[in-house]
Amino acid sequence: MKLNKQYRVHENVLSIDSIPRKSSFNRYQSRAAYILIAPALILFIIFMVIPIGMAIVLSFMEYDIISQMNWVGMENFKRLIDDSILWQTFRNVGLLAFFYVPLMVIISLLLAVLVTQPYRGVTFFRLAFYMPTVTSAVAASIVWLWLLNSEFGLINQILSYVGISGPAWLSESGPAMASVIGGVTLWLG
């Protein structure tokens with residue numbers, strides 16, 4: 001773009017006589033850019049903006065599929081705040097984040113050091129370290145359910161060999177949180 005730098009003084013104001021004009025090539029590029037971004041923008045509006053807007057509107061309604069929607073205002077939010085499960089959920093998420101993030105950083109750094117050292121058997125550790133990447137979450141969940149089963153799980157079987165009665169890993173609140181943080185979540189990364 002060339003800018004014609006002819007200046008003139010008009011009533012004590014400095015102004016530019018001509019402003020730069022877009023060439024036909026720039027107009028073509030702009031039109032092509034809008035055409036190329038239009039499908040992504042349309043999909044973003046359909047799958048993000050509209051559902052978020054509908055969720056906001058529906059949060060102020062009493063709604064089920066069979067009956068007609070009724071405006072209830074803030075009643076849904078008042079009922080949500082009074083619900084004890086909400087605060088239990090916040091506590092669980094807080095515990096998960098408080099333990100998971102530092103443990104994940106520490107274990108990741110230790111594993112990175114472990115797999116980069118030249119010693120015998122490092123291939124096994126590299127395989128164990130990379131396995132969650134290629135294992136689907138569903139398959140890994142099934143394996144962890146089997147390992148942590150309170151009746152016939154492998155972990156409780158090993159504990160019974162040394163005379164320890166293993167807990168119900170997934171049904172008691174304390175061991176469940178520890179097993180989810182310590183086992184499944186850290187292993188799946």
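This report walks through the fold, one helix with a kink, a salt bridge and a buried asparagine in a predicted model.

## The chain as a whole

Let's start with the overall layout. The secondary structure comes to 7 helices and 4 strands. Following the sequence from its start, you meet these elements in the order β-β-α-β-β-α-α-α-α-α-α.

How many residues does the chain have, and what share of them counts as buried? The chain has 189 residues, and 13% of them count as buried. Its accessible surface is about 15400 Å², and carbon and sulfur atoms supply 70% of that area. As for contacts with a sequence separation of 6 or more, 26% of them are between residues 24 or more positions apart.

## Helix α4 and its kink

Helix α4 covers residues 122-134, which makes 13 residues. From its first C-alpha to its last, α4 reaches 19 Å, close to the 18 Å expected at 1.5 Å a residue.

Where in α4 should you look for a kink? Find Ala128: a kink of about 25° lies there. The proline Pro132 follows shortly after that point.

## A salt bridge in helix α2

A search of the whole structure turns up 1 salt bridge. Lys78 forms a salt bridge with Glu75, and the closest N and O atoms of the pair are 3.6 Å apart.

How are the two residues placed relative to each other in the helix? Both belong to helix α2, which runs over residues 75-82. Lys78 and Glu75 are 3 residues apart there, so about one helical turn separates them.

Are the two partners buried, exposed or something in between? Lys78 has a relative accessibility of 48%, so this lysine counts as partly exposed. Glu75 is also partly exposed, with a relative accessible area of 43%. Both values lie between the 20% limit for buried and the 50% limit for exposed.

## Asn156, a buried polar residue

Further along the chain, Asn156 is found in helix α6, which spans residues 154-161. Is Asn156 buried or exposed? Its relative accessibility is 7%, and buried means under 20%, so Asn156 counts as buried.

Which residue shares a side-chain polar contact with Asn156? The partner is Trp169: a polar contact of 2.8 Å joins the two side chains. If you set aside neighbours within four places in sequence, Asn156 is in contact with Asn149, Ser150, Gly166, Pro167 and Trp169. To see this spot on your screen, select Asn156 together with those residues.

Definitions and conventions:
Residues are numbered from 1 along each chain as its sequence is written. This is a predicted model: local features need pLDDT of at least 70, side-chain atom pairs count only at pLDDT 80 or more; totals for chains, interfaces and linings use all residues. Side-chain values use heavy atoms; hydrogens and water are left out. The expected span of a helix is 1.5 Å times one less than its number of residues. The bend at a residue is the angle between axes fitted to the seven residues ending there and the seven starting there. A salt bridge is a side-chain nitrogen of Lys or Arg within 4 Å of a carboxyl oxygen of Asp or Glu. Buried means under 20% relative accessible area, exposed over 50%, partly exposed in between (1.4 Å probe, protein chains only). A polar contact is a pair of N or O atoms within 3.5 Å; within protein, one must be able to donate a hydrogen and the other to accept it, and residues adjacent in sequence count only if both atoms are side-chain atoms. Contact means heavy atoms within 4.5 Å. Accessible areas come from the Shrake-Rupley method with a 1.4 Å probe; for residues, only the protein chains shown count as cover.
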